[in-house]
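Okay, thanks for making time, everyone. Let me put the model up and then we'll walk through it piece by piece.

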Amino acid sequence: YQGKVYHQEPMYVYLLAIIYRLFGTAPHWSFGLQLFLGALTNVGVFLIGRRYFGTLTGLLAASLVMISGPIMVFQMTLLRTSLTAFLSVLLLYCYQKMLDSNDRKSQLIFGVVGGIAILTQSYFLMFLLLAMGWYFWENRANTKQTASALGYIVGAVLLVMLPLFLRNLIVGVPMTAMAGHGAINLILFDSGNAAPLEPNYI
C-alpha cells in the first residue's frame, strides 16, 4: 500500500524465509516452530505467575493458556500471532529479570528482545516506553546510573533494528517505516459495512 514499505513488520516473514531456506518450503517445519513457541509461552506464563502469585497460580495460568482455543488455532496457522504471544511473555519476563538484577546484561537482553518484538509488531514500542518510564521512576534516586541503563536498552533496541533502517534507506522509503497496511486496516475495520468476523479480518 505504500510502495516499498513492508506490508507488515518484517520479523515473522524473515523467520519463515530462514526456515524455508534451511529446511525447504514444507509448512510443517513452520508449524513445528510455532508449536514450540507455544510450549515456551506456557513456561513463561508459569514463571511469571509463580513469581507474583505462587506456584499453584502459575500452573493454573499456564494450563489456561495451554487449552486456549484461539492460541491452538493460531499455532497451526501461518500468521505471526504465535510469535507475538511468545514475545509478549518473553518481554515481560526479561523486564522482571532486569528489575530484579539491574545489571548491564539484563538491560541489554531486555533491549534486544524489545527490538525483536518491535520488528514483529510495532505496538510493542508502547510497552517499551512505559516499561522504561517505570524503570526510571523506580530508580530516580540515582539519575546518572538510571540514564546509563536506559541508554543501554535503547542502544540494544536500535542495534537490532539497524538492518531495517539500512534496508529502508537503500530502497528509498522513510528510515523507520515498518508497515504499510495501517491505513487500509483503518478503513476496513471502521467503515459502516465492516464485518470483523469474515476470514480476511483475522
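So, counting secondary structure, the protein chain comes out with 9 helices and 0 strands. Read from start to end, the pattern is just α-α-α-α-α-α-α-α-α. Do keep in mind that this is a predicted model. In terms of dimensions, the C-alpha trace spans about 50 × 45 × 45 Å along its principal axes. There are 202 residues in the chain, and 35% of them are buried. And if you take contacts between residues at least 6 apart in sequence, 66% of those join residues at least 24 apart.

Let's go to the core. How many residues does the largest nonpolar core have? It has 30, and the ones with the most contacts inside it are Leu91, Phe110, Ile118 and Met161. Five helices, α1, α5, α6, α7 and α8, each put in at least two residues. The top contributor is α8, which gives 8 residues.

Two of those well-connected residues, Phe110 and Ile118, are among the buried residues of α6, so let me stay on that helix for a bit. α6 covers residues 104–120, 17 residues in all, and reaches 24 Å between its first and last C-alpha, close to the 24 Å you'd expect at 1.5 Å a residue. Its buried set also includes Gly111, Gly114 and Gly115, along with Ser106, Gln107 and Thr120. What covers them? Among the elements doing that are α1 (11–23), α5 (81–101), α7 (124–138) and α8 (143–171).

Zoom in on Phe110. Ignoring neighbours within four places in sequence, Phe110 is in contact with Leu91, Cys94, Tyr95, Met98, Phe127, Leu128, Ala131 and Ile153.

Now the α6 and α7 pair. In general, you describe two packed helices by the angle between their axes and the distance between those axes. Here the angle is about 155° and the axes are 9 Å apart. The cut-off for roughly antiparallel is over 145 degrees, so α6 and α7 count as roughly antiparallel to each other. On the α6 side you've got Gln107, Phe110, Gly114, Ala117 and Ile118, and they meet Phe124, Leu125, Phe127, Leu128, Ala131 and Tyr135 of α7.

Over on α8, I picked out two residues. One is Ala156, which lies in that helix. Ala156 has a relative accessible area of 6%, so it goes down as buried. Leaving out neighbours within four places, Ala156 is in contact with Leu108, Gly111 and Val112. Take the Leu108 pairing: 48 residues apart in sequence, but 5.8 Å from C-alpha to C-alpha.

The other one is Thr146, also in α8. Is Thr146 buried or exposed? Buried, because its relative accessibility is 2%. With the same neighbours left out, Thr146 is in contact with Tyr135, Phe136 and Asn139.

Okay, moving to α2, residues 28–53. α2 has 26 residues and reaches 37 Å from first C-alpha to last, close to the expected 38 Å. Its buried residues include Phe31, Leu37, Val45, Phe46 and Ile48, plus Gln34 and Asn42. The cover over the buried residues of α2 includes α1, α3, α4 (69–75) and α5.

How does α2 sit against α3? They pack at about 150°, with axes 7 Å apart. That makes α2 and α3 roughly antiparallel, because the angle is over 145 degrees. α2 passes α3 in a right-handed crossing. The contact takes in Val45, Phe46 and Phe53, among others, from α2, and residues including Leu59, Val65 and Met66 from α3.

Right after α2 comes Gly54, with a positive phi near 105°. As background, most residues other than glycine have a negative phi. Now compare Asn102: a residue other than glycine, and its phi is positive, near 50°. Asn102 is in the loop between α5 and α6, and it is partly exposed at 25% relative accessible area.

Last one, Leu60, which is in α3, residues 55–66. Leu60 counts as exposed, because its relative accessibility is 51% and the cut-off is over 50%. From Leu60 to Met126 is 66 residues along the chain, with their C-alpha atoms separated by 28 Å.

That's my tour, happy to rotate to anything you want.

Key: Residues numbered from 1 in each chain as written. Predicted model: local features only at pLDDT ≥ 70, side-chain atom pairs only at ≥ 80, totals over all residues. Heavy atoms only, no water. Helix = DSSP H or I, 4+ residues; strand = E, 2+ residues; numbered from the N terminus. Expected span 1.5 Å × (residues − 1). Buried < 20%, exposed > 50% of the residue type's maximum accessible area, 1.4 Å probe, protein only. Contact = heavy atoms within 4.5 Å. Core = buried A, V, L, I, M, F, W, Y, C linked by side-chain atoms within 4.5 Å. Axes fitted to C-alpha atoms, helices over the stretch in contact; angles between N-to-C directions. Parallel < 35°, antiparallel > 145°, perpendicular 65-115°, else oblique. Left-handed = near helix turned anticlockwise from the far one by under 90°.
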